[in-house]
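Work through these exercises with the model open beside you. Try each task before you read its solution.

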Amino acid sequence: MERFDISVDGRPVPAEPGQTIGAALHAAGVRSWRSTRFGGRPRGLFCGIGACFDCLVVVNGRPAERACRLEARPGDEVSTS
């Protein structure tokens with residue numbers, strides 16, 4: 001499989017086969033995509049293994065997906081908060 005794009009908040013982000021959504025975002029220079037409820041501190045990848053839940057995104061309408069654990073697929077539509 002060749003490199004493909006996923007849609008993140010309506011813009012294309014390149015992804016490699018086997019790469020997680022979090023890794024694709026990080027490779028594209030996106031370091032945070034949500035913020036904490038209290039204090040508004042930026043959050044993105046932190047632990048990278050799915051233990052901390054800092055990297056939550058909505059993928060194809062499914063809320064609270066961990067970007068660090070979910071493999072990117074062609075046509076994925078990702079929303080951040």
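**Exercise 1. A hairpin, residue by residue**

Task: Find which residue of E6 valine 59 stands opposite, then work outwards through the pairing of E5.

Solution. The model is predicted.

Step 1. Valine 59 faces arginine 62, a residue of E6.

Step 2. Go to the other pair. Valine 57 has glutamate 65 of E6 as its bridge partner.

Step 3. Set these pairs in the ladder. E5 and E6 run antiparallel and are joined by three bridges.

Step 4. Look at the turn. Two residues lie between the strands of this hairpin, and asparagine 60 has a positive phi near 50 degrees.

Step 5. Now take the other neighbour of E5. Strand E7, residues 77-79, pairs with E5 over two bridges, again in the antiparallel sense. Here valine 58 has serine 79 of E7 as its bridge partner.

**Exercise 2. Two faces of one strand**

Task: Sort the residues of E5 by face: which are on the covered one and which on the uncovered one?

Solution.

Step 1. Start from the rule. Side chains in a regular strand alternate between the two faces of the sheet.

Step 2. Apply it. Val57 and Val59 make up the covered face of E5. Leu56 and Val58 make up the uncovered face.

Step 3. Check Val59 against the helix. Isoleucine 21 touches Val59, and helix H1 spans 21-27.

**Exercise 3. The sheet as a whole**

Task: Give the order of the five strands in the open sheet and name its edge strands.

Solution.

Step 1. The order is E2-E1-E7-E5-E6, and the pairing is mixed.

Step 2. E2 and strand E6 (62-66) are the edges, as each pairs on one side only.

Step 3. Add the twist. On average, neighbouring strands of this sheet are turned by 40 degrees against each other, direction ignored.

Step 4. Inspect the E2 end. E1 and E2 are antiparallel partners with five bridges. Isoleucine 6 has valine 13 of E2 as its bridge partner.

**Exercise 4. The core**

Task: How many residues does the largest nonpolar core have, and which of them have the most contacts inside it?

Solution.

Step 1. Recall the tendency. Nonpolar side chains tend to be buried together in soluble globular proteins.

Step 2. Count. The largest nonpolar core holds 17 residues. Ile6, Ile21, Trp33 and Val78 have the most contacts within it.

Step 3. Ask which elements supply it. Strand E1 (4-8), strand E2 (11-15), helix H1 (21-27) and strand E5 (56-59) each give at least two residues.

Step 4. Follow isoleucine 21. Neighbours within four places in sequence are left aside. Its contacts are then Ile6, Val59, Ala67, Leu70, Glu71, Ala72, Asp76 and Val78.

**Exercise 5. Positive phi in the loops**

Task: Aspartate 9 and phenylalanine 53 have positive phi values. Place each one, then decide where it stands between buried and exposed.

Solution.

Step 1. Aspartate 9 is not a glycine, yet its phi is positive, about 50 degrees. It sits in the loop between E1 and E2. That hairpin has two residues between its strands.

Step 2. Classify aspartate 9. Its relative accessibility is 48%, so it counts as partly exposed; the exposed class begins over 50%.

Step 3. Compare the loop neighbour. Glycine 10 lies in the loop between E1 and E2. Its relative accessible area is 67%, so glycine 10 is exposed.

Step 4. Measure across the fold. Glycine 10 and valine 78 are 68 residues apart in sequence, but 8.1 Å apart in space, C-alpha to C-alpha.

Step 5. Turn to phenylalanine 53. Its phi is near 65 degrees. It belongs to the loop between strand E4 (42-43) and E5. A relative accessible area of 41% makes phenylalanine 53 partly exposed.

**Exercise 6. The whole chain**

Task: Describe the protein chain from its element order to its overall dimensions.

Solution.

Step 1. The chain has one helix and seven strands. From the N terminus, the order is β-β-α-β-β-β-β-β.

Step 2. Test compactness. The radius of gyration is 12 Å, close to the 12 Å that the globule rule gives for 81 residues, so the chain is as compact as a globular protein of that length.

Step 3. Take the extents. The C-alpha trace spans about 40 × 25 × 25 Å along its principal axes.

Step 4. Finish with burial and surface. Of the 81 residues, 31% count as buried. The chain exposes about 5000 Å², with 49% of it from carbon and sulfur atoms.

Notes
Residues numbered from 1 in each chain as written. Predicted model: local features only at pLDDT ≥ 70, side-chain atom pairs only at ≥ 80, totals over all residues. Heavy atoms only, no water. Core = buried A, V, L, I, M, F, W, Y, C linked by side-chain atoms within 4.5 Å. Buried < 20%, exposed > 50% of the residue type's maximum accessible area, 1.4 Å probe, protein only. Helix = DSSP H or I, 4+ residues; strand = E, 2+ residues; numbered from the N terminus. Contact = heavy atoms within 4.5 Å. Pairing = 2+ DSSP bridges. Axes fitted to C-alpha atoms, helices over the stretch in contact; angles between N-to-C directions. Rg over C-alpha atoms; globule rule 2.2 N^0.38 Å. Areas by Shrake-Rupley, 256 points an atom, 1.4 Å probe, with all protein chains shown as cover.
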